[in-house]
Amino acid sequence: MQNAALAQTFDAIADYHELAGDNPFKIRAYRRAGEAIAALSQPIEDMADTLESIEGLGKGTAGIAREFLATGQVRLLEGLKEKYPPGLLELLEVPGLGPKRVAALFEAGIGSVEMLKSAMADETIKKVAGFGPASLKNLENALQRVAQMTRRLPLGDALNLAERVADAVAQIASVDRVSVAGSVRRGCDTSDAIHILVQTTNDPATVAAFVKLPFVLAVEQENNHHAKVQVRSGIAVHLGCWPREQFGTQMFFHTGTTGHIVEAQQRAATLGLELWPEGVFKDKQRVAGADEIEIFALLGADFIAPELRESRGEWQAAIAHRLPNLITQSDIRGELHAHSTWSDGRHSIRQMVEGARARGYEYHVISDHSKALAMAGGLDAKRLRAQADEINAVQAEFSDIKILRGVECDILRDGSLDLDDEILHELDIVIASVHSGFNMDEAPQTARMVRALSHPAVDIVAHPTGRVLGVRPGYQVNVAALIEAAAATKTALEINCSERLDLSDEHAFAAREAGVLLSINTDAHSTRMLDNVALGIITARRAWCEKADILNTKSIVELMAWLKR
């Protein structure tokens, strides 16, 4: 039961060392140790004698783990807590405040976000070196963004956690069936809780075993049928135990939004039925409940995929048999936005292409950053032409996949592009995106992006709102105006997978309705990140997207024709 607590201990040690500006390799070692322990499927206590065998733990971090298991605390962390106030770690979460600037604030007596706000209000922060008028304006905006953020888990993290919990629960002897429900099953972009439903004939034994699982940090609620536990700060896991005859309707009620469920109950009433978590009843007799599919059949409706259960017209479509034929991962024919070691990617062009081939793709785009993003090793025209030689060499080795030359070109503050037209028109595909000027007001930000959309070389606009789930909410931009411009210029808008999920499902829904093609791109910086396409698929399904709505479901012949539009 100590896994979660020990993982948090390593994270806290890493935070403090980052604050002190220590060796980045040391900091990464603590991070890796925390990640490794959090991912364990068995109690860390059972591995006390073999800690070095855990991938991600070294001799030093294994020693810290043993100290924690023996004493319940770590002297290193306790010493760091005495040196720094706890509120100081909150400052590290403020965009733009790196460890060095937080350390400067600490030296000036500012040790928390609230103290920072007070220092800004009475202007005493101006006495701290490095906090001039421009910095303070950016800091004010950053604090506003932090206030908008939540500790909700991004979809990728939520899915991973839910899968790990469900796998562990499935191993409990008294469990006959287990399923993930709630916002995670609907594929919402963030979640603050994981809902697990189990079918069992022994509720108390199931609950007792669940609260003892190694990822449990604290037990908040527990009775013979339900439990609520904390698995990390602000994130709870709910377990509900149900008999077979109720499992289907319980899944139904624990998945859809309130609006979706109310519409279902109203539909049931018109058919002389009663729909409750305990089952579907007619004349007080249960006529369904064990299987969720039965509910839709009794209501005279097609089965509604969990991603659509948001009360956005899905019941009307299901009853009229007009639900979309939702896109699936097998429909994707290639990756249109990926990086290599030529800029800030981790893998070479050959390795990235091999990763795409392993997925059965027909094509793969190499779209490294342009020169404005110098910190990421952005490419100018000369380097892009040199890169073409390597792309051609790799292409000569692979006849079963087409490698396309591309670039992720920065949109500058005035809406112009970071590269000259001559090189842009040499490329197969141009992806335009914003990586700076996040603090611009809505009108100039929108005008900037609309101008870029109108450039004849631009094929896709990447991560159009700039959000990063759990990190920043995005810049101010009129998305409706972007969609209108994309429709007029026949430019695709991206659903960027992984931690961005940008466009969101709501914005992607509006774009699809306007006839704008969407591109589901991983923005992969490594071969492993190509797997994030699954998150983009979920987002597209929530936007009611079919295969025809997505650019990279086209064959290579169809894609090349579209690129010449």
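These exercises work through helix packing, cores, backbone outliers and contacts in a predicted model.

**Exercise 1. Classify the packing of H1 and H4, and say which residues make the contact.**

Step 1. Take the geometry. Helix H1 (residues 3-19) and helix H4 (residues 75-83) have axes 10 Å apart, at an angle of about 45 degrees.

Step 2. Classify the angle. Angles under 35 degrees count as roughly parallel, and 65 to 115 as roughly perpendicular. The angle of about 45 degrees therefore makes H1 oblique to H4.

Step 3. Add the hand. The crossing of H1 past H4 is left-handed.

Step 4. List the residues. H1 contributes Thr9, Ala12, Ile13, Tyr16 and His17. H4 contributes Leu76, Leu77, Leu80 and Lys81.

Step 5. Sort them by class. The contact of H1 with H4 has six nonpolar, two polar and one charged residues.

**Exercise 2. Do the same for H19 and H20.**

Step 1. The axes of helix H19 (residues 442-453) and H20 come within 9 Å. They cross at roughly 15 degrees.

Step 2. Angles under 35 degrees count as roughly parallel. H19 and H20 are therefore roughly parallel to each other.

Step 3. H19 and H20 cross with right-handed sense.

Step 4. From H19, the contact uses Thr446, Met449, Val450 and Leu453. From H20, Ala481, Leu482, Ala485, Ala486 and Thr489 take part.

Step 5. By class, the contact of H19 with H20 holds seven nonpolar, two polar and no charged residues.

**Exercise 3. Describe the largest nonpolar core and the contacts of Ile520.**

Step 1. Find the centre of the network. The largest nonpolar core has 54 residues, and Leu493, Leu518 and Ile520 touch the most other members.

Step 2. Find the main contributor. Helix H20 (residues 479-489) gives the most to this core, with five residues.

Step 3. Follow Ile520. Leaving out residues up to four places away in sequence, Ile520 touches Ile327, Ile332, Ile495, Cys497, Val533, Gly536, Ile537, Ala540, Ile550 and Asn552.

Step 4. Look beyond this core. Another core, of 46 residues, lies apart from it. Its members include Ile37, Ile44, Ala65 and Leu89.

**Exercise 4. Decide how far H22 is covered, and by what.**

Step 1. Count. Nine of the 10 residues of H22 are buried.

Step 2. Name them. The buried residues are Val533, Leu535, Gly536, Ile537, Ile538, Thr539, Ala540, Arg541 and Arg542.

Step 3. Identify the cover. It includes helix H9 (155-170), helix H10 (182-186), S16, H21 and strand S17 (518-521).

Step 4. Check what follows the helix. Just after H22, Trp544 takes a positive phi of about 65 degrees.

**Exercise 5. Locate the backbone outliers Glu123, Trp544 and the Asp502 to Leu503 bond.**

Step 1. Recall the norm. Most residues other than glycine have a negative phi, and most peptide bonds are trans.

Step 2. Place Glu123. Its phi is near 65 degrees, a positive value in a residue other than glycine. Glu123 sits in the loop between helix H7 (113-121) and helix H8 (133-148). Its relative accessible area is 46%, so Glu123 is partly exposed.

Step 3. Place Trp544. This residue is in the loop between helix H22 (533-542) and helix H23 (556-563). Its relative accessible area is 12%, so Trp544 is buried.

Step 4. Place the cis bond. The peptide bond from Asp502 to Leu503 is cis, with omega near 20 degrees. Leu503 belongs to the loop between strand S16 (492-496) and helix H21 (505-513).

**Exercise 6. Give the surroundings of Arg286 and Ala48.**

Step 1. Arg286 is in strand S10 (residues 285-288). Its relative accessible area is 40%, so Arg286 is partly exposed.

Step 2. Arg286 and Glu245 are 41 residues apart in sequence, and their C-alpha atoms are 9.1 Å apart. Neighbours up to four places away aside, Arg286 touches Glu245, Gln246, Glu278, Gly279, Val280 and Phe281.

Step 3. Ala48 lies in the loop between helix H2 (24-38) and helix H3 (59-71). At 24% relative accessibility, Ala48 is partly exposed.

Step 4. Beyond neighbours within four places in sequence, Ala48 is in contact with Arg66 and Leu69. Ala48 and Leu105 are 57 residues apart in sequence and 40 Å apart, C-alpha to C-alpha.

Methods. Residues are numbered from 1 along each chain as its sequence is written. This is a predicted model: local features need pLDDT of at least 70, side-chain atom pairs count only at pLDDT 80 or more; totals for chains, interfaces and linings use all residues. Side-chain values use heavy atoms; hydrogens and water are left out. Axes are lines fitted to C-alpha atoms, for helices over the stretch in contact, and angles run from 0 to 180 degrees between N-to-C directions. Helices (H or I, at least four residues) and strands (E, at least two) are DSSP runs, numbered from the N terminus. Angles under 35 degrees count as roughly parallel, over 145 as roughly antiparallel, 65 to 115 as roughly perpendicular and the rest as oblique. A crossing is left-handed if the near helix is turned anticlockwise from the far one by less than a right angle, and right-handed if clockwise. Contact means heavy atoms within 4.5 Å. Ala, Val, Leu, Ile, Met, Phe, Trp, Tyr, Cys and Pro count as nonpolar, Asp, Glu, Lys and Arg as charged, and the others, Gly among them, as polar. A nonpolar core is a set of buried Ala, Val, Leu, Ile, Met, Phe, Trp, Tyr and Cys residues joined through side-chain atoms within 4.5 Å. Buried means under 20% relative accessible area, exposed over 50%, partly exposed in between (1.4 Å probe, protein chains only).
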